[in-house]
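Trainee: Please take me slowly through one part of this model, and explain each term as you reach it.

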Amino acid sequence: MAAATATATAADDEARLLRLEEQAEHGGGGAWEYLSLARRLRARRPAPVLRLGLSLLNDASARSRLASEQWTLYEQVAVAAMDCQRLDVAKDCIGVLSRQFPGSARVGRLEALLFEAKGDWAEAERAYALILETNPFDQIVHKRKIAIAKAQGDMSLAVDYLNKYLELFMADHDAWRELAEIYVSLQMYKQAAFCYEELILAQPTIPLYHLAYAEVLYTLGGLENLQTAKKYYASTIQLTGGKNTRALFGVCLCSAAISQLTKGRNKEEESSELQSLAAEALMKDYKRRAPSMEALVAGMLKNMKLS
């Protein structure tokens with residue numbers, strides 16, 4: 001119920017944002033209301049934010065009516081300008097903020113972001129390092145350092161930064177998932193498996209983590225890994241109400257691989273009904289959603305001796 005209410009509220013907010021955008025873009029007013037809502041929703045709409053924000057900042061009377069809120073608008077316009085590659089505008093906005101708030105770490109982050117937008121990675125790194133000297137627990141800055149490493153294609157450095165980040169912010173599930181995905185891209189599957197184990201411990205009801213962990217274990221291979229992978233494919237099926245096609249395939253593939261490795265020695269695996277149920281569910285799924293593929297899937301399952 002709560003999830004449905006939150007979804008409905010988000011949809012209403014998005015619809016209101018679009019209405020305000022259209023209204024403001026056509027001279028109907030409401031620019032500040034639109035910009036405030038865009039900030040609250042964290043909506044990334046740089047082009048209209050830049051146009052409408054500049055229209056307010058360039059109007060002295062409108063700017064004065066905003067009072068202290070104008071500094072928030074300067075920051076919002078600076079970020080939008082960088083997204084739109086209007087680096088001249090971003091520089092001007094950051095300059096105004098720097099004069100108003102000398103020595104501010106928040107303005108320092110904007111200056112570092114401007115270096116990033118220019119592709120001046122070394123200067124951005126130096127700017128972030130200065131901020132971390134004052135506040136080593138600045139979460140945003142640590143994330144930006146990870147982003148810089150990824151932007152340069154240095155995945156090893158990104159892994160190093162992510163590990164250091166997680167030493168400070170162990171409860172950041174998105175960071176664990178990002179680290180896991182980078183490990184997979186580097187074919188460091190044991191390390192990826194550890195990350196997914198942490199995610200499953202923290203959020204055991206999210207099927208995506210069970211599925212990803214199973215796929216890493218299947219890739220690693222070996223009887224023990226395959227048996228564990230099969231269990232996590234099964235838990236994915238359970239958590240999704242039997243509707244995850246990828247997990248159903250995973251159970252079948254693990255069953256076939258285990259059968260090859262044990263060559264009939266594992267009676268428990270032979271007597272298990274899980275693989276036959278997964279195969280049956282797959283056939284029903286393809287018959288309903290992609291009947292043209294039904295024969296192909298049936299042939300594949302037959303080759304795996306699962307149908």
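**A close look**

Mentor: Leaving aside its neighbours within four places in sequence, glutamate 21 is in contact (heavy atoms within 4.5 Å) with Tyr34, Arg45 and Pro48. This is a predicted model, in which local features need pLDDT of at least 70 and side-chain atom pairs count only at pLDDT 80 or more, while totals for chains, interfaces and linings use all residues. Residues are numbered from 1 along each chain as its sequence is written, and side-chain values use heavy atoms, with hydrogens and water left out.

Glutamate 21 lies in helix H1, residues 2-25, where helices are DSSP runs of H or I with at least four residues, numbered from the N terminus. Glutamate 21 counts as buried because its relative accessible area is 13%, and buried means under 20%, with exposed over 50% and partly exposed in between, for a 1.4 Å probe and protein chains only.

Further along the chain, helix H13 has the buried residues Tyr209, His210, Leu211, Ala212, Tyr213, Ala214, Val216 and Leu217. These buried residues of H13 pack against four helices, namely H11 (173-185), H12 (189-202), H14 (223-239) and H15 (245-262). After H13 comes glycine 221, which has a positive phi, near 75°.

H13 has 14 residues, from 207 to 220, and its first and last C-alpha atoms are 20 Å apart, close to the 20 Å expected at 1.5 Å a residue, a figure obtained as 1.5 Å times one less than the number of residues.

Note on methods: Helices (H or I, at least four residues) and strands (E, at least two) are DSSP runs, numbered from the N terminus.
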